[in-house]
Amino acid sequence: MLKITDLHASVEDKEILRGINLEVNAGEVHAIMGPNGSGKSTLASVIAGKEEFEVTQGTVALDGEDLEDAAPEERAHKGVFLSFQYPVEIPGVSVTNFMKTAINESRKARGLEDMPANKMLKLIREKSELLEIDRKFLSRSLNEGFSGGEKKRNEIFQMAMLEPKLAILDETDSGLDIDALRIVANGVNKLKSSDNAVIVITHYQRLLEYIVPDYVHVLHNGKIVKSGGKELALELEEKGYDWIKQEATV
Amino acid sequence: MDLKEKLISSFMMFENNIDIEHPVHDVRTEAMKNFEQKGFPSRKDEAWKYTSLNKIQKVDFSIFPKEVNAIEYKDVKKYFINEIDTYKIVFVDGIYSSFLSETTHDGVDICLMSSALTKDMYKPIIDVYFNKVASKDESLTSLNTAFSREGAYIYIPKNKMPKKPVEIIHFATGNESTLMLQPRNLIIVEENAELQVIERHQSLTSNEVLTNCVTEIFAAKNAIIDYYKVQNDTENSSLIDNTYIDQKDKSVVKVHTFSFGGKMTRNNLNFYQNGEYIDSTMKGVTILGEKQHVDHHTLVHHIEPNCESHQDYKGIYGERSTGVFNGKIIVDKIAQKTNAFQQNNNILISDQATINTKPQLEIFADDVKCSHGCTIGQLDEDALFYLQSRGIPKKEARALLMYAFANNVLESVRIPELKTRINKLIAKKLGVNLGFDL
């Protein structure tokens, strides 16, 4: 589904990604771990198409199609979703209206009519129940005054609404208490199918107890320096990142 | 003949058509003298540094329309907040249109300045209020005072509240190739009374129109007034709006100014707090494009202790538009415990757009809270990416962000249908259809 080949990316002439290779197939969960500043969030942003980052070498392809020239919204229309570490507040635009706009824009891009209002409401109800989101929450301005946990839950709610092919969860566990973490993870697991894939970006192993990865990759200095199964996450939790750094230097 | 000379000679013609024995005429004559002496302000005047009236003075404006022009309601319906019932005071080319209006004398007076300035029954009120808060020094206000004859007159007695909001609309038909209008409004809201007003100046053609409007508002003790100015005029219309507000103890007056169009708009909004525990609020949303120009000059004079003022102006400037915000706050020595807040935030969405913003604080009391802040920036790229990553195209994403930026100014609009209307105007101005009503 996703094929990243020798990806180099920089921001303001500073190279952050230095040759990433990664292949994610439908039905898989990949975890990307690594110390602070290793390039995890940059990788997520580059896949989602953030213009600030310049791809200097290599490719990102979705279902065999090179995404190089695709704007962020076009990537979204093709099924890429990024759950943000710091979701942006949009005063005056309710969660419901925001979702309506997002869904109908995606439908428009696929040549479909707007989703009928009753169907939209049904979908919203169904997905908000999945994330245990209160109805009142949906009429509030998007992310405005939301707690850290509410913001993250709202991100996964958006993911549930948009049903992406490839979901990238960037530090979704940060700022979540254990109950919220369980709700969010449960939501992600329920959305998981053999047709879609998830990339979980995290600093800690905690989230991976709930969203169990098929593969774990360790990012260091803009490169994947180690890949393995879910047991690698436990090893990292136990030993920290220093040994990886040393191994990488050697 | 330039415009000043033309106005001076027109004043004599004007005198032929009014009762010059009426005491109000002494006020007019005095005002004319002041205008003759001072003329139009120039960019050498600090208050007019960024707004030039040079070009306007070269236009040969028609001062008095030659004929009465009828317009059909269906043709102008869209300019009214027609989703709700309102009182309407409507003028066409400066002349009252009884056909389009709905006035009342049922417990409150919502009618015409021409009646108030001529009929004996209004004389006691006119003696007390007319030209009492308006500046006698500022030349354009004097010019309006000199020609004051027509406009809206609203008197809300003690403890009354009209059943519905009042719309004051001035249409220009374009029957004259150029037209200068000088409406004069007087609004008095007595103790514990309430009033909501929506004011609009609307040209119906692309002919040149210049409006020099003066509105005097008196809010007695505990009075509550919401005043909304909708400025979305055509590309050849210019407006100089001079609004003067006198507030007494515990009165609450909010003025919202929505500036979305017109060639040149100058808003002189002046609050005088003549009492204690007064609340004065000024809010504005400005969204401009093309070569449009809007200049917001606000003044709050804190004369007595324990009062508050709030100013929040948001501006979005595109293409070659220019904006000015000048917010003056004066706190007199005895006006202790004053709370004065001022905020002016701007987004420039084009390299050619300009904004000049200036807070001007003159504080003579020592126990006060005054804060001011102004920002000029671009749209937040991270926020834009967030919206795009949800599948919202860049253009719509930008519009949503601009809407979000201006949104808190709309929160205090207390007429829901007006709010919907403003939201639609904003969406239109931003050139988007977001699939829901903003």
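Reader: What is the order of the strands in the open sheet of four strands in chain A?

Author: This is a predicted model. In chain A, four strands form an open sheet with antiparallel pairing. Its edge strands are β2 (14-24) and β5 (65-66) of chain A, each pairing on one side only. The order is β2-β1-β4-β5.

Reader: Which residue of β2(A) does A:I4 stand opposite?

Author: Strand β1 (residues 2-11) of chain A pairs with β2(A) in the antiparallel sense. Eight bridges join the two. Within β2(A), the residue opposite A:I4 is A:L22.

Reader: What angle does the direction of helix α1 of chain A make with that of β2(A)?

Author: Helix α1 (residues 40-48) packs on the sheet of chain A. The helix touches β1, β2 and β4 (54-62) of chain A. Its direction and that of β2(A) make an angle of about 70 degrees.

Reader: Which element gives the largest share of the side of chain A that touches chain B?

Author: The contact takes 25 residues from chain A and 21 residues from chain B. On the chain A side, the elements giving two or more residues are α2 (72-77), β7 (90-94) and α3 (95-109). By class, that side has twelve nonpolar, seven polar and six charged residues. The largest share is seven residues, and it comes from α3(A).

Reader: Which helix of chain A helps cover the buried residues of α8(B)?

Author: Helix α8 (residues 381-388) of chain B has these buried residues: B:L384, B:F385, B:Y386, B:L387 and B:Q388. Their cover includes α9 of chain B. From chain A, the cover includes α2.

Reader: What radius of gyration does chain B have, and what would a compact globule have?

Author: Chain B fills a box of roughly 70 × 55 × 45 Å, taken over C-alpha atoms along the principal axes. With 438 residues, a compact globule would have a radius of gyration near 22 Å. The value for chain B agrees with that: 21 Å.

Reader: How many helices and strands does chain B have?

Author: Chain B averages a pLDDT of 94, and 99% of its residues score at least 70. Of its 438 residues, 51% count as buried. Its secondary structure comes to ten helices and 20 strands.

Reader: Which strands stand at the edges of the ten-stranded sheet in chain B?

Author: This open sheet has mixed pairing and the order β2-β1-β5-β8-β10-β12-β14-β16-β18-β20. An edge strand has a single partner, so one side of it is left without a neighbour in the sheet. The edge strands here are β2 (95-96) and β20 (369-377) of chain B.

Reader: Which residue of β18(B) is the bridge partner of B:D312?

Author: Strands β16 (residues 308-317) and β18 (residues 339-348) of chain B pair in the parallel sense. Ten bridges join them. The partner of B:D312 in β18(B) is B:Q343.

Reader: At what angle does helix α9 of chain B run to β16(B)?

Author: Helix α9 (residues 394-410) lies across three strands of chain B. These are β14 (279-288), β16 and β18. The angle between the helix and β16(B) is about 160 degrees.

Reader: How many residues of strand β11 of chain B are buried?

Author: Side chains in a regular strand alternate between the two faces of the sheet. In β11(B), one side holds B:S237, B:L239, B:D241, B:T243, B:I245 and B:Q247, all buried. The other side holds B:S238, B:I240, B:N242, B:Y244 and B:D246, also all buried. For strand β11 (residues 237-247), the count of buried residues is eleven of eleven.

Reader: Which residue in β13(B) stands opposite B:I245?

Author: Strand β9 (residues 208-219) of chain B pairs with β11(B) in the parallel sense over eleven bridges. There, B:T215 has B:T243 as its bridge partner. Ten bridges join β11(B) to β13 (residues 264-273) of chain B, and these two also run parallel. Opposite B:I245 in β13(B) stands B:F271.

Reader: Is B:P162 buried or exposed?

Author: B:P162 lies in the loop between β4 (152-156) and β5 (166-172) of chain B. Leaving out residues up to four places away in sequence, B:P162 touches B:Y87, B:V108, B:I110, B:I156 and B:L195. A residue needs 20 or more C-beta neighbours within 10 Å to be buried. B:P162 has 22 inside 10 Å, so it counts as buried.

Definitions and conventions
Residues numbered from 1 in each chain as written. Chains lettered and ligands numbered in written order. Predicted model: local features only at pLDDT ≥ 70, side-chain atom pairs only at ≥ 80, totals over all residues. Buried ≥ 20, exposed ≤ 12 C-beta atoms within 10 Å, placed from the backbone. Contact = placed C-beta atoms within 7 Å. Pairing = 2+ DSSP bridges. Nonpolar A, V, L, I, M, F, W, Y, C, P; charged D, E, K, R; others polar. Axes fitted to C-alpha atoms, helices over the stretch in contact; angles between N-to-C directions. pLDDT = per-residue confidence, 0-100. Rg over C-alpha atoms; globule rule 2.2 N^0.38 Å.
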